[in-house]
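Take a first look at the sequence and the fold. This short report then covers one sheet and the cysteines.

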Amino acid sequence: MVLERGEVANSWRSQRWDSFRLLTPNWQSRLPGLGYDGPDPDGYMTIGEVTAFMERFAAHTRAPVRTRTDVTSVRPTGDGYRVTTNDGEIDCRTVVIASGACNLPAVPPFSAAVPPEIEQITPYDYREPGQLPEGGVLVVGASATGVQLAAELRRSGRPVIMSVGEHVRLPRTYRGRDVLWWMDAAGVWDQRYDEVDDLTRARRLPSPQLVGTPERETLDLNALTAMGVELVGRWAAVRDGRALFSGGLRNVFSLADLKMERLLDGFDEWAKETGVDAEVGPPERFAPTTVPAKARLQLDLRGGEIRTIVWATGFRPDYSWLDVPVVDEKGHLRHDGGVVDSPGLYALGLPVLRRRKSTFIHGIEPDAREVIGHLAGHLAARR
Ligand SMILES: Cc1cc2nc3c(=O)[nH]c(=O)nc-3n(C[C@H](O)[C@H](O)[C@H](O)COP(=O)(O)OP(=O)(O)OC[C@H]3O[C@@H](n4cnc5c(N)ncnc54)[C@H](O)[C@@H]3O)c2cc1C
């Protein structure tokens, strides 16, 4: 059985802002036996469309879902696990933890030192610009969520400052095709976890600076600068009511530019080798990220320039309900490709679980097949 504390597609319904669209194109929204069959394969789903897609999948598979069932504890019983919910207890031989990698926003501890007159909000509480007090906004984090919210807030007419740390820059389209088409076709998404050089780092990689819009716009830092967003360095500390930002934006920008160039070089090589060259546009190269003439290193949080901080600093899983000693000191599950360090316990949907695409909708199928293969073996051995 499948236990879900909310409704089907709960995270999409309850944890996304109003204008949200997937950054993966429609043709890529595929689950086992159900692909996109609408009129716009290259478009990007709205929240309503993603929710409808997930509901269709639940109906199509006739998965035995128990909604509004909150798991409050899972503990070992010797030959399996006892799962406690708000609706009683269930004994089972195996458990698959598919509770997601992004249950809680990750906000740095120094947020506690931010003066109380400043409103602080996370992407999970943000819905639309009108919800924030009038005045300037500091968006912290320059990955997919941060760039999307900074652009929306700037378009609403507010002054926006964005604090930028390590990030992944990507153009929306390359040589006439969606950049995620290239990732898919060239096999980047399929790279396996046991082939990745630094798995810990790969699992911590921020999401790419991408947005899904009907215009297929590229939303990198140059686009934000052109809109009037002010860029500052990584937020390092709060001292005496001042935000202190790291210097060295030039290095941070050139590293992201370099990594993007390398990826595009790889696409070009692959296109040449496979003959795809003839079907796509000519190779493109993009202007380096413009470094602001004078990036400020401090911001007086009491000065009234900023009224709101949006923490787009990533998300983390929540295993507070898991009473099995398999979570490390950093709050991550100890597992090998989804086989958790406790017999009969499995995980799905975590970053680079078995492949680079493990946390994307289109990435779940091959991971699930392998993990469930192991689970079936575990049950058979017990028999
Ligand atoms: C901001 C953001 C944007 C994203 N954009 C894209 C995108 O464009 N394309 C894409 O492919 N992927 C995207 N993703 C990733 C996408 O969310 C994942 O692919 C997908 O949600 C993973 O599905 P999941 O079912 O593993 O996890 P989730 O969607 O997180 O689902 C986990 C479910 O478990 C439930 N749950 C958790 N704890 C408990 C408990 N104790 N008891 C009962 N139920 C519980 C939750 O209610 C939730 O419904 C995005 C993620 C985020 C955070």
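Buried means under 20% relative accessible area, exposed means over 50%, and partly exposed lies in between. This matters for two cysteines in this predicted model. C92 has a relative accessible area of 22%, so C92 is partly exposed. C102 is also rated partly exposed, at 36% relative accessibility.

What does a search for disulfides find in the whole structure? The search returns zero disulfides. A disulfide is a covalent bond that joins the sulfur atoms of two cysteines.

| Cysteine | Relative accessible area | Class |
|---|---|---|
| C92 | 22% | partly exposed |
| C102 | 36% | partly exposed |

Now the sheet. Three strands form an open sheet in the order β16-β17-β18, and their pairing is antiparallel. The edges are β16 (235-239) and β18 (298-300). Each edge strand has a single partner strand, so one of its sides has no neighbour in the sheet. On average, neighbouring strands of this sheet are turned by 20° against each other, direction ignored.

How many bridges link β16 and β17? Four bridges do, in the antiparallel sense, and β17 covers residues 242-245. Two residue pairs illustrate the match. A237 has L244 in β17 as its bridge partner. R239 stands opposite R242, again in β17.

The link between these strands is a hairpin. Two residues lie between β16 and β17. In the turn, D240 has a positive phi of about 50°.

One general point helps when viewing the sheet. Side chains in a regular strand alternate between the two faces of the sheet.

Methods
Residues are numbered from 1 along each chain as its sequence is written. This is a predicted model: local features need pLDDT of at least 70, side-chain atom pairs count only at pLDDT 80 or more; totals for chains, interfaces and linings use all residues. Side-chain values use heavy atoms; hydrogens and water are left out. Two strands pair if DSSP finds at least two bridges between them. Axes are lines fitted to C-alpha atoms, for helices over the stretch in contact, and angles run from 0 to 180 degrees between N-to-C directions. A disulfide is a pair of cysteine sulfur atoms within 2.5 Å. Buried means under 20% relative accessible area, exposed over 50%, partly exposed in between (1.4 Å probe, protein chains only).
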